[in-house]
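Visitor: Hi, I'm new to this one. Can we go through it together?
Guide: Sure. Ask away.

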Amino acid sequence: MKKILFALATTAAVIGFSAAASAADKAKVCFVYVGSKTDGGWTQAHDLGRQELEKALGDKVETQFLENVPEGPDAERAIERLARSGCGLIFTTSFGFMDATVKIAAKFPDVKFEHATGYKTAPNLATYNSRFYEGRYIQGQIAAKISQKGIAGYIASFPIPEVVMGINSFVTGARTINPDFKIKVVWANTWFDPGKEADAAKALIDQGVDVLTQHTDTTAPMQVAAERGIKAFGQASDMIKAGPQTQLTAIVDTWGAYYIKRTQAFLDGKWETTSSWDGLKDGILTMAPYTNMPDDVKALAEATEAKIRSGELKPFTGPLKKQDGSEWLKAGESSDDGTLLGMNFYVEGVDDKLPQ
Amino acid sequence: MRIELERRPEVSRLFSLLSPVIALALTMIFGGIMFLLLGKNPVTALYSFFIEPLMEVWSLHELAIKAAPLILIGVGLSVCYRSNNWNIGAEGQFIAGAIAGSILPVVFYEWHSPLVLPLMLLLGILGGALFAGIPAFLKAHLNTNEILTSLMLVYVAQLFLDWLVRGPWRNPGGLNFPETRTFDPVSVLPEMIASGRTHWGFGFAILAAVAIWFMMRYTLKGFEITVLGQSERAGRFAGFSSRKMIWFSMLLSGALAGLAGISEVSGAIQQLRPVISPGYGFTAIIVAFLGRLNPLGIVVAGLVLALTYLGGEAAQLSLGVSDKVTRVFQGLLLFFVLSCDTLIRYKIKLVWSNLTGTATEGAH
Amino acid sequence: MGIFEAILLTVITAATPLVLAAVGELVTERSGVLNLGVEGMMIMGAACAFIATQMTGSPYVGILAGIASGALFSLLFGFLTLTLVANQVATGLALTILGLGVSGMIGEAYVGQSGIKLPQIVFPVLSDIPFLGALLFKQDLIFYLSIAVVVGVNWFLFRSRAGLKLRSVGDSHASAHALGINVIRMRYLAVMFGGACAGLAGAQLSLVYTPQWVENMSAGRGWIALALVVFASWRPWRVVAGGYLFGAVSISQLHAQAFGIGIPSQFLSALPYLATIVVLILISHNRRTTLINTPASLGKPFVPDR
């Protein structure tokens, strides 16, 4: 008992001390992560963004984060803790944090919140997202050029609009090169299980696909593709190390640009709520170097990327048909963002039935 | 040197109270060393873990919210384990209860009546009990091991929920994201105390703990559970049916897990989503044993475990230690609590070589 | 290579860690100890095997590290449950929490590194047998070890004196003690064997299945292994049957999806679990045979009276 009393006494002394020490004059920018900051995928990309922010504005801001925060009431508590600990700007980096962020934002009107990939905003709550599908369109074109059989394998995580959008963009891109191009989809029902992702990759390859892309977070499918000698695309980060002879390119999430932009606005007192959906041109995603492909394919990919950046090319532009053959977009017509954000249908060429 | 145990003639009341204290002290010492090795100030670390979450009102509410499902499930499981029924699928029963209770606010969302909430709770209880009824039936009538069936059904429940919220129950106004519509205020479990967001789920947990404690201690049923748990044969001589006990304990624990599920969904989340539990059903198993399968002990154990979750977050912020360190620290705490409980029933003796010489009583 | 053969190869890779971890746990449980910490020991094995391989460049050193780390980690469980007679269920669960934490901590620096895959060992002549050759004689060391361990455990339990002693410890520790068997030592060895097997299973994950390290990469396989022991009613060959059945159903559902059969993927993903339940019901309706195989002292602590 004495020991505990002693510990209590010393801790009491330390609190006073640490409270004084942390009262520096920097703005605090905080992050809530759904995974571990070293997950090699989604969360790691956000954490790299946070590090870039520190590098860029480190003299004016201090960053903090909570990792592995489960969605639901735990998220609410984590966000509230950050709001109470003096964070001025809080980024919540998973779709599942949406309602928790909305609730806490209402409770702390003086704190600014930014929620990734959601759709609910408030005067002190902005949303941000990345047009990943722009990269998938380029991937589709590369796949159609590279594939001998005209069929690609797609390892998907969960049927949410973002993933469906990616599948459709990939197919649409591919069909500009090869109008008969098809893809096979396997839903792994996980974001993160290397074993299962590898199994899905093997199943797809065994069924005859000769180029592979993934919307799950580990490098396991890339490793399988390397082993079986086919080409593949990386996801979330540059996976070239897992397949030096395999990776064609990868969609790399580069959130840092956005975090710096918004934090700067916050420091300048110019932060306003937005629903921003940035793309290749804003630097929120970048394409890993185009490798392991003939020069003409590389040139095509670079040209497409340049066109998307300049706004000349929008991936979802008609004529496009839905999977059942009905018309979706007339020639020259581009999809509005609302349809994309709630996308729950396939375009023609997907060899899968979307769970309804 | 080796360690020998000597059975105490009777359970030591002194060590019943003292063992958690010793465990805590050991955790502080070893945890402190770990933090020192990581280059962190051990005093700040321990303060963040054990005291900071208790210093503010909002944080106490969060503690209650986090502890509520652990206690509610743990109390139900204690009855199972005392009667030798190894239900480890409470996570699935939690989900089943949440799904069943959500039928009203999701499917019949236009029905606004004060009856909605009580009916939801009832459906939640029923859902959990029915789902636990599957392994109960398989064990009682087809002789199938409940450890396997209850565990496998967890995965089934998780996938079924996943299908529901992405398919038929998806919120039509939610841009096709995997979640149901948000519950109408009539379907939301109210807050218990005005000072924060602790909802009635915590109240149910305490009520259930007291009720089960009373049952175990003062009723024939409690006696029956204990006897059948200790020896099936002795129970049969006393005229108790182990088959009925399988049904009783599994349904009871399923019902409480189901109640925890619907309380969590209605009180804290207010909608269904693909994942509604960060493993409460499994953590509650630890809580049940940390509380020595005693309902009142489980209340304490649930609060302590919840405290380490909150403390882990506090430590991440105040020290910048990773979330893995939190889990290691939790593991340490559990190990020390479990091993110190040995002192309640046994004297620990350190025996040098083979000579039964100087024996030291007590801890280390 | 035909598609059937290809599917079987994938099944073998998916089933090997399950079989290994389950057969180790089977020995532990046969001695009367229930260790629910398989997931924790497995993930420790995966982390240590990967780290050792990266440090030395040899996956064989990795295998040894996996086995050793699993065995050492299980000692912690042994000390608590055998020496201090702490509750086995709770201690096992705590071991899993600790294992996930410790492996995450020590592996942090290795995330994202590309691992070295354990090479295949090709048996000359035998590997040329059509169909079976590629499946059985062109595999990696851990696959061969998994078969060897099952054969060995089966022989040990039912054909050797020591195995008979181990089973008697699991069936009635009091009578075994009366016969002069050192119950505690026997159980320590059984727990460590279980830990070593789980560690080896973990090494398979990070050296063969997916040669990389990421946190939590065992993704619940330890739990499946635990269920398989019960499924197998504590018989080694049934562990193999159960492991391969589970693997086969898991892989075929992925193929079914790739064929585009149009059933919600969640239902297909639930199939392996449901299949395991159904088969267990079919094989366990005979009460007597189940009882004969169940270690009667399972989960009960033992303290020698003096």
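Visitor: Which residue does A:Ile155 stand opposite in strand 8 of chain A?
Guide: A:Ile155 stands opposite A:Gln214 there. Strands here are DSSP E runs of at least two residues, helices are H or I runs of at least four, and both are numbered from the N terminus.

Visitor: And before we go on, what am I looking at?
Guide: This is a predicted model; local features need pLDDT of at least 70, side-chain atom pairs count only at pLDDT 80 or more, and totals for chains, interfaces and linings use all residues. Residues are numbered from 1 along each chain as its sequence is written, while chains are lettered from A and ligands numbered from 1 in the order in which they are written.

Visitor: OK. How many bridges join strand 6 of chain A to strand 8 of chain A?
Guide: There are 3 bridges, and the two strands run parallel. Strand 6 covers residues 151-156 and strand 8 residues 211-214. Strands count as paired if DSSP finds at least two bridges between them.

Visitor: What sheet are they in?
Guide: An open sheet of 7 strands in chain A, in the order 12-10-9-8-6-7-15. The pairing is mixed.

Visitor: Why do strand 12 and strand 15 of chain A each have one side without a neighbour in the sheet?
Guide: They stand at the edges, each with a single partner strand, so one side of each has no neighbour in the sheet. Strand 12 is 285-287 and strand 15 is 350-351.

Visitor: Which helix lies across strand 6, strand 7 and strand 8 of chain A?
Guide: Helix 7 of chain A, residues 194-206. This helix runs at about 160° to strand 6 of chain A. Angles go from 0 to 180 degrees between N-to-C directions, and axes are lines fitted to C-alpha atoms, for helices over the stretch in contact.

Visitor: Now strand 5 of chain A. Buried or exposed?
Guide: Mostly covered: 6 of its 6 residues, 125-130, are buried. Buried means 20 or more other C-beta atoms within 10 Å of the residue's own, exposed means 12 or fewer, and partly exposed is in between, with C-beta atoms placed from the backbone.

Visitor: Which way do they point?
Guide: A:Leu125, A:Thr127 and A:Asn129 go one way from strand 5 of chain A, and A:Ala126, A:Tyr128 and A:Ser130 go the other. In a regular strand the side chains alternate between the two faces of the sheet.

Visitor: What does strand 5 of chain A pair with?
Guide: Strand 4 of chain A, residues 112-116, is joined to strand 5 by 4 bridges, in parallel. In that pairing A:Glu114 stands opposite A:Ala126. Strand 11 of chain A, residues 275-278, also pairs with strand 5 in the parallel sense, over 4 bridges. There A:Thr127 is opposite A:Ser275.

Visitor: Switching to chain B. How confident is the model?
Guide: Chain B averages a pLDDT of 89, and 96% of the residues score at least 70. pLDDT is the predictor's confidence in each residue, from 0 to 100.

Visitor: Where does pLDDT stay under 50 in chain B?
Guide: Over residues 355-364.

Visitor: What about helix 11 of chain B?
Guide: Of its 11 residues, 11 are buried, so helix 11 of chain B is largely enclosed by the rest of the structure. B:Arg292 follows this helix, with a positive phi near 55°.

Visitor: Does any other helix pack on it, and which?
Guide: Helix 3 of chain B, residues 57-82, packs with helix 11, residues 280-290, at an angle of about 60°. Their axes are 8 Å apart. The contact residues include B:Ile73 and B:Leu77 of helix 3 and B:Gly281 and B:Ala284 of helix 11. Contact means C-beta atoms, placed from the backbone, within 7 Å.

Visitor: What is B:Ala90 in contact with?
Guide: Beyond neighbours within four places in sequence, its contacts include B:Ile73, B:Leu77, B:Gly281 and B:Ala284. B:Ala90 is in helix 4 of chain B. With 35 C-beta neighbours inside 10 Å, B:Ala90 counts as buried.

Visitor: Last topic. How does chain B touch the other chains?
Guide: In chain B, 35 residues are in contact with 38 residues of chain C. Helix 11 is among the elements that supply at least two residues to that side. Towards chain A, 27 residues of chain B are in contact with 36 residues. Helix 2 of chain B gives the most there, with 4 residues.

Definitions and conventions:
Contact = placed C-beta atoms within 7 Å.
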